[in-house]
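Here is a short report for a reader new to this protein. Look over the sequence and the model before reading on.

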Amino acid sequence: DTASLNGVVRDPGGAVIRDAKVELTNADKKSVQNSRSNGEGVYIFPFLLPGSYTLTVEAPGFKTYKQSSLILETAQRATADVQLTIGEAQETVFVTGDRILLNENDGSVGAVIDRTLIENVPLNGRSLQALFTLVPGVTQVATGIIPDTTNGTIIVNGQRAQSNQFMVDGASANVSAGKGPTVSPNVPTMNALGGTQSMSTIDELQEFKVLTSTYSAEYGTSPGGQFLLTTRSGNNQLHGSAYEFLRNEAFNANDWFANNSGFRKGALRQNLFGGTLGGPVVLPHIYNGHEKTFFFTSFEDLQLITPKTQIMNVPSLTLRNTAYSALQPVLNSFPLPEKDLGNGVGTYTLHASQPSAIYTGAGRLDHVFSSGLHGFARYTRSASNTSGLSTNTVFANTYSEISSQSLTTGLTLVP
């Protein structure tokens, strides 16, 4: 899920420049990586975190070249060629403005959804499925259309729902697609309501890339789409956020069926709240982690109560009165009918509330050991449950509970 940057260093005549010093600085963390152009004038920086970078190139007899605001995206293979100008090394040529970094290394087809779009698009339930479908070829299928699928099923270019691979910070986020020992782990980790908070919350996510076809064999595992999610990490400034989204029956009209049966408005209450905090790890008088050690934490809690009005069949009064005495206690255990259908069956309108809850917490720690060595660790825990009326059985309740935990660690060494 990391990016890479490469290019060729040339002089004004187009000849390659060997052994030029190339430096890449992360704009947020101020961490620096160094490289040198080889005999063909080529430099390369692999395994880069998505973000904004500054590229600096120096060579004897040439002015220093400096290009800022190079934006690298998840899984991007970017190329940025450099042409130096003859002059003193103390002189610097600043290149400003946005530079489009082209992928000249493979023929993969896909799209990146960045942090700007993630922050500004309203999402029902703050789950990622709606953002996934912004990528061409990606669709979301309603529950029940495909057998044995769950809420939030994603289809890519007509492939099976179980053919997609989901990765968070380079580690698989897939779980078993069905029952039994023979199934493969081919569906994303979902919560009890069918959301993607188990993988990452909206405010924890930096960006994601979806590869839909002709991607490199390094991804493998599944023939469908490759969903590469990158979570946020801290930087040199302390940042935080807090939010709450509210829904309440006080803002809504009554359900038609409930109103028709004489019920008042049912409880519809949704409180979705959370927050984030990230920055450098600083222990006063003990440790200063600026430009070296960073943390990022997030949590999100959803408390939801939804009303449900359901018309059910119950024994009619006639059936209750004419049945054998041994059966009457069983028939009378059902609620009294509101309407007699004339065939021993009556209808009863059941009005109930269905509670649900989701809690997700995550923490990430990044550390820069040297210019060529950095690592991270991320832990996340998600717990969710939902209950309600069964649509198949009279007066039966359903209850689902899903919990997941994941620990991801990574160490990157560039000699």
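## Leu5 and its contacts

Leu5 touches Leu24, Tyr43, Ile44, Phe45, Leu48, Leu70, Leu72, Ala78, Thr79 and Ala80, with residues up to four places away in sequence left out of the count. The model is a predicted one.

Leu5 also belongs to the largest nonpolar core, which has 22 residues. Within this core, Leu5, Tyr43, Leu48, Leu55, Val57 and Leu84 touch the most other members. Two or more core residues come from each of β1 (3–10), β2, β4, β5 and β6. A second core, separate from that one, has 20 residues. Leu128, Val135, Ile154 and Val156 are included in the second core. In soluble globular proteins, nonpolar side chains tend to be buried together.

## The chain overall

The protein chain has 415 residues, and 43% of them are buried. Its secondary structure comes to 5 helices and 28 strands. Take the contacts between residues at least 6 apart in sequence: 64% of these join residues at least 24 apart.

## Strands around β6

Strand β5 spans residues 51–58, and strand β6 spans residues 64–72. The two pair in the antiparallel sense, over 6 bridges. Leu55 stands opposite Gln67 in β6. The hairpin of β5 and β6 has 5 residues between the strands. In that hairpin, Gly61 takes a positive phi near 85 degrees.

β6 also pairs with strand β9 (residues 92–95). Here the sense is parallel, over 4 bridges. Tyr65 has Val93 of β9 as its bridge partner.

## Ser35 in β3

Ser35 lies in strand β3. Is Ser35 buried or exposed? Ser35 counts as buried because its relative accessible area is 16%, and the cut-off for buried is under 20%.

Ser35 is in contact with Ala20, Lys21, Val22, Tyr43, Ile44 and Phe45, leaving aside neighbours within four places in sequence. Tyr43, Ile44 and Phe45 are also among the residues that Leu5 touches.

## Cavities

Rolling a probe the size of a water molecule over the atoms shows where empty space is left. The structure holds 2 cavities of 30 Å³ or more. The largest has a volume of about 210 Å³. It is lined by 18 residues, and Ser31, Gln33, Leu49, Val368 and His374 are the closest to its centre.

Which strand gives the most to the lining of the largest cavity? That is β26, with 4 residues. At least two lining residues come from each of β2 (21–26), β3 (32–36), β4 (42–48), β26 (345–370) and β27 (373–389). By class, the lining of the largest cavity has 8 nonpolar, 8 polar and 2 charged residues.

## The second largest pocket

The second largest pocket holds about 630 Å³ of space. Its lining has 33 residues, and those closest to the centre are Asp28, Pro50, Arg115, Gln206 and Arg232. Two or more lining residues come from each of β5, β6, α1 (115–120), β18 (205–213), β19 (226–231), β20 (239–248) and β21 (269–280). β21 gives the most, with 4 residues.

By class, the lining of the second largest pocket has 6 nonpolar, 18 polar and 9 charged residues. β5 and β6 thus turn up again here, having already appeared as contributors to the largest nonpolar core.

Notes
Residues are numbered from 1 along each chain as its sequence is written. This is a predicted model: local features need pLDDT of at least 70, side-chain atom pairs count only at pLDDT 80 or more; totals for chains, interfaces and linings use all residues. Side-chain values use heavy atoms; hydrogens and water are left out. Two strands pair if DSSP finds at least two bridges between them. On a 1 Å grid over the protein atoms alone, a cavity is a set of points where a 1.4 Å probe fits but cannot get out, and a pocket is an open set with protein on both sides within 12 Å along at least five of seven lines; lining residues have an atom within 4 Å of a point. Grid points are joined across faces, edges and corners, and a volume is the space filled by probe spheres set on the points. Ala, Val, Leu, Ile, Met, Phe, Trp, Tyr, Cys and Pro count as nonpolar, Asp, Glu, Lys and Arg as charged, and the others, Gly among them, as polar. A nonpolar core is a set of buried Ala, Val, Leu, Ile, Met, Phe, Trp, Tyr and Cys residues joined through side-chain atoms within 4.5 Å. Buried means under 20% relative accessible area, exposed over 50%, partly exposed in between (1.4 Å probe, protein chains only). Contact means heavy atoms within 4.5 Å.
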